[in-house]
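Here's a quick tour of a protein model, meant to be read with the 3D view open beside you. Take a moment to spin the structure around before you dive in.

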Amino acid sequence: MLYPQQNEVRNLLELSGIWDFQPDPDGAGAEGGWAQALPDARPIAVPGSWNEQYSDLRDYLGLCWYRRTFCVPAAWQGSRVRLRVGSAVYHAEVWVNGQRVGAHEGGHLPFEFDVTDALNWHDENSVSIAVENELKPTRVPPGNVPSGMFALMGSYPSASYDFFPYAGLHRPVYLYSVPQQHIEDVTVTTEIDGSTGLVRVVVDQSGVGGSCRLHLKDSVTSVEATVDFDGGRAEALLRVEDAQLWAPGNPHLYELTVSLNDGNVTVDRYRLDVGIRTIAVQGDQILLNGEPIFLKGFGRHEDFAISGRGLNLPLLVKDYSLLKWIGANSYRTSHYPYSEEEMCMADREGILIIDEIPAVGLFFEDDDAGIQTRLDLCKTQMRELVARDKNHPSVIMWSVANEPFPPDMMKRFASHEPMPVDPKTTDFFDELISLTRELDPSRLVTLVGVHGSPNEWHELTDVVCINRYYGWYSQSGQLDEGLKLISAELDALHAALGKPIMVTEFGADTIPGSHAEPAEMWTEEYQVLMISGYLDAADARPFVAGMHIWNFADFKTGQGNRRVNGYNYKGVFTRDRRPKMVAHVLRKRWNA
Ligand code: BDP
């Protein structure tokens, strides 16, 4: 799915801004009744989360209506016009001029509808979007799950995950035009042959016939090819001699221009950045461009005061500057896809991404129909994510889930030995991982396991990713004991699985300004000792291919007896991006 673009042929109108807005707890606007007009509208910012903009809506996750008007430039007549929503959490239904144009389930991923036939060309138009984020066990991520860990912890609102269930239109809304015959999709994959970069480009168009001109260039290179469409598809291999490879430290990007030609006339055009790089696993190492790479970085969140989970561009720039400052080379989009603007920034700044679907808090205790519903949703989300992010060189690995809970979770928490798991759960991930590999054979696939996650699940993946909190949730206050256990478990996992291992989460809640000697839980000293201890354990084991600290910054959660102020305080930075003591320790270590 191509990101909308303004160029010589295509046009773009961003509809972000202040919209009319009204909560609809009783469903009074049902069947699109409120798509004509909102009876008692108040203003709201798009993008943004409604929970941060109005006190009475902080915990409200039911239906809300967004509405605004716009005019379409006359020059767009004759084109196809699409309405594109970057992210609506969790379910959205869309009307243009009172006419229903479609619906989408699942947050954090873009969707679009062709609205050409619903538009007024000589008058104002309206768009209405009804959004709700009700927490239900059969959604991904689930909520209001009656049993299991999250039910026990009793967090409010009752999400099955440890971050605030922000709701609303979180990313820009665009109206854009494409010509009648247009480029529908472009897929780029790269390989390396000696000093030559091989760039395979597949172009899909809406019609048939015509030719496709490809031009790949940077300041020294210019490679061109023209190929005829075979039906709706054209395919070419571009050879770049003395290619500059894309990698952290030198994230070199070439610009690819794709032109759809009918005879001598260019009917459509699309440009995208291309990074030439390969990613693979060999034995117990991750190889980027054929060389071992160690992933240093974080799990993160899209989270900030007032903007909530809404796209916040100054925050995005600030976070990348801090990632550079501290010497990180990677992060995971825990626990949902981040904005496309984030992915472009990662390409440009040379940050490696583990790209995760919103499959957090998966469980297996309900009936087969419930499990199947979640599997189908996970598959849809993976299809949508790969379609969105397949051309980003920064994305090196897909993550199919974070911490799915095996059925006998409580026993597993107590045990330090691997326990066999119900094969139906392994089949679930086998199906999801096989689909992911089919969708994109060029990248790695992982599943991020909770303490006690079965080896059978990790056997399915390219890289073993585990989240561990020895010294925090278990062995509390006994770091030495905790560090012995993480070391022993890393060795056992390596002996059993023989693959690269990453610890994708480890960390300690830390109240900034809290100190103790000797170190105690919640102090800055304890965070320093815990994170340093885990990093030392990894350094002593060459099969550990990466360490991601939980979390980059403090973030908002629901209310619960383990979450002071409704925050998770495991950030290396505070929520307003001030460094805690450990940030300086990491900066020295990662820049050494
Ligand atoms: C892990 C989860 C993460 C939590 C973290 C924590 O993957 O979302 O925020 O624990 O408890 O289990 O801090």
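What follows is a short look at one sheet and two pockets. Keep in mind that this is a predicted model. The sheet is an open one made of four strands. As for the pockets, the largest holds about 720 Å³ of space, and the second largest holds about 610 Å³.

**The sheet**

- Strands of a sheet pair through backbone hydrogen bonds, and they can do so in a parallel or an antiparallel way.
- Here the pairing is antiparallel, and if you walk across the sheet you meet the strands in the order E16-E15-E20-E21.
- At the edges sit strand E16 (222–228) and strand E21 (265–274), and each of them pairs on one side only.
- Going from one strand to the next, the twist averages 15 degrees.
- Now zoom in on strand E15 (residues 211–217) and strand E20 (residues 254–262): they run antiparallel, with seven bridges joining them.
- To see two residues facing each other, find Leu 214, which stands opposite Val 258 in E20.

**The largest pocket**

- Where does this pocket lie? Domain 1 (11–178) and domain 3 (279–590) both give residues to its lining, so the largest pocket lies between them.
- Its lining has 36 residues, and the closest to the centre are Met 149, Met 153, Glu 403, Tyr 473 and Arg 562.
- Helix H2 (residues 149–153) provides the largest share of this lining, with three residues.
- Sorted by class, the lining of the largest pocket has 16 polar, 13 nonpolar and seven charged residues.

**The second largest pocket**

- This one is lined by 25 residues, and Tyr 3, Leu 272, Asp 273, Cys 344 and His 392 lie nearest its centre.
- Which helix gives the most to the lining of the second largest pocket? That's H4, with six residues.
- At least two lining residues come from each of strand E13 (183–193), E21, helix H4 (340–349) and helix H5 (368–389).
- You've already met E21 as an edge strand of the sheet, so to speak, and here it turns up again in the lining of the second largest pocket.
- Domain 2 (183–274) and domain 3 (279–590) each supply at least three residues of this lining.
- By class, the lining of the second largest pocket splits into twelve nonpolar, ten charged and three polar residues.

Notes
Residues numbered from 1 in each chain as written. Predicted model: local features only at pLDDT ≥ 70, side-chain atom pairs only at ≥ 80, totals over all residues. Heavy atoms only, no water. Pairing = 2+ DSSP bridges. Axes fitted to C-alpha atoms, helices over the stretch in contact; angles between N-to-C directions. 1 Å grid on protein atoms, 1.4 Å probe; cavity = no way out; pocket = protein on both sides within 12 Å on 5 of 7 lines; lining within 4 Å. Points joined across faces, edges and corners; volume = space filled by probe spheres on them. Nonpolar A, V, L, I, M, F, W, Y, C, P; charged D, E, K, R; others polar. Domains from an automatic or database assignment.
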